[in-house]
Amino acid sequence: MKAKTTRVARFARNYLADQVPFLPSYAEALAYFHGTKPYTKGAFKDERPLGSNRKYNRLRISMVKDIVAIKHYKSDIVLYYPDGSLYLATGGWDSISTAQAMQEVLGVERVQRVRTSVYYVHEGLYYLLGDGLNIDPGGKPLHPTTISVHHVRKPVMDALRKQYAPLMVYAKQVCTMNTKFAVQEDSILQPSRFTDISLTVLRWENSYPNHSSARSGSFNDRGNVKLREFFDVIDNTLALPEDQRLDAMYATVQVLGAMFGYGGFPHGKSHCSFPRLKKGFEELLRFRFSAEIFEKVDAPIGNPVFDANNKYIPTK
């Protein structure tokens with residue numbers, strides 16, 4: 001009687017590699033290629049499985065002329081050359097599985113994934129694979145990728161803080177008296193006009209710092225227009241005569257308080273502390289004036305890099 005295949009066994013057979021070989025050099029990769037039975041039909045004909053599980057075809061080894069290639073799905077992630085040099089690339093997929101496949105064949109000490117990027121490690125230094133990295137026969141990276149990050153222009157940020165300081169001073173006074181904000185529809189700032197900003201801020205607070213969909217889908221395509229309108233209202237408010245300015249500023253603080261309050265706007269009353277309001281307003285400043293506030297600088301090569309300010313930069 002034929003044994004019944006369990007769900008776990010079927011999963012392992014179809015989705016897990018088994019005994020993936022360690023192939024640190026051209027000679028070992030070439031020997032493994034010639035010593036492994038090829039696929040005889042299908043999309044991967046003449047290629048070889050990498051590991052003892054032939055059902056797992058996401059990781060394969062192939063050869064073109066005298067170059068041996070490790071394939072992950074459809075991408076060549078490692079190329080071995082006869083002179084001992086290597087070429088490493090992610091194919092645009094800096095995923096955990098890509099890094100793990102490279103670690104299997106080259107060793108975890110040579111390839112590591114930090115945050116969302118894959119690096120080649122040599123003598124304690126980290127080199128971003130980026131669009132591809134050539135490695136000489138001695139293991140040294142050739143022409144490593146330069147990484148740019150966004151730094152804050154402090155004088156610009158200080159000038160913006162000073163420009164909007166009167167609003168923050170007034171907001172602090174309001175927050176010491178009342179932390180519950182319910183913006184009325186007859187306010188000069190109708191909630192319906194600025195709902196997109198509020199929802200975007202809530203998405204930003206709950207999303208990964210470098211989450212492009214929240215950044216592109218709301219702020220830049222739709223919400224950023226509203227954000228510019230919002231700052232136009234603030235600028236016009238600060239330019240009003242003193243006898244009109246306080247009422248207008250209170251309406252603005254209402255919106256900010258509701259926007260950064262617990263529970264969010266426009267869901268009735270929400271509580272907000274001044275530190276939370278101030279932090280939220282500075283985030284809006286960074287999104288609104290990102291072109292003026294941030295500058296791109298080259299990061300030193302050799303260390304893993306994460307651009308925390310990239311979330312403020314428009315994706316389109």
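**A helix and an open sheet**

Helix 9 has these buried residues: Phe274, Leu277, Gly280, Phe281, Glu282, Glu283, Leu284, Leu285, Arg286 and Phe287. The model is predicted. The 15 residues of helix 9 (residues 274–288) should span 21 Å at 1.5 Å a residue, and its end C-alpha atoms are 21 Å apart, which agrees.

The sheet comes next. It is open and built from 7 strands in the order 1-2-3-4-5-9-10, with antiparallel pairing. Strand 1 (48–49) and strand 10 (141–142) are at the edges with a single partner strand each, so one side of each has no neighbour in the sheet. The partner of strand 1 is strand 2 (residues 59–64), joined to it in the antiparallel sense over 2 bridges; here Pro49 stands opposite Arg60 of strand 2.

Two helices pack on this sheet. Helix 2 (residues 26–34) touches strand 1, strand 2, strand 3 and strand 4, and its direction makes about 100° with that of strand 2. Helix 3 (residues 96–106) touches strand 2, strand 3, strand 4 and strand 5, and its direction makes about 20° with that of strand 4.

Strand 4 (residues 75–80) has 5 of its 6 residues buried, so it is largely enclosed by the rest of the structure. It pairs with strand 3 (residues 67–72) in the antiparallel sense over 5 bridges, and Leu79 is the bridge partner of Ala69. These two strands form a hairpin with 2 residues between them, where Tyr73 in the turn has a positive phi of about 55°. Strand 4 also pairs antiparallel with strand 5 (residues 86–88), over 3 bridges, and Val78 stands opposite Leu88 in strand 5. The hairpin of strand 4 and strand 5 has 5 residues between the strands, and Gly84 takes a positive phi near 95°.

Methods. Residues are numbered from 1 along each chain as its sequence is written. This is a predicted model: local features need pLDDT of at least 70, side-chain atom pairs count only at pLDDT 80 or more; totals for chains, interfaces and linings use all residues. Side-chain values use heavy atoms; hydrogens and water are left out. Buried means under 20% relative accessible area, exposed over 50%, partly exposed in between (1.4 Å probe, protein chains only). Helices (H or I, at least four residues) and strands (E, at least two) are DSSP runs, numbered from the N terminus. Two strands pair if DSSP finds at least two bridges between them. The expected span of a helix is 1.5 Å times one less than its number of residues. Contact means heavy atoms within 4.5 Å. Axes are lines fitted to C-alpha atoms, for helices over the stretch in contact, and angles run from 0 to 180 degrees between N-to-C directions.
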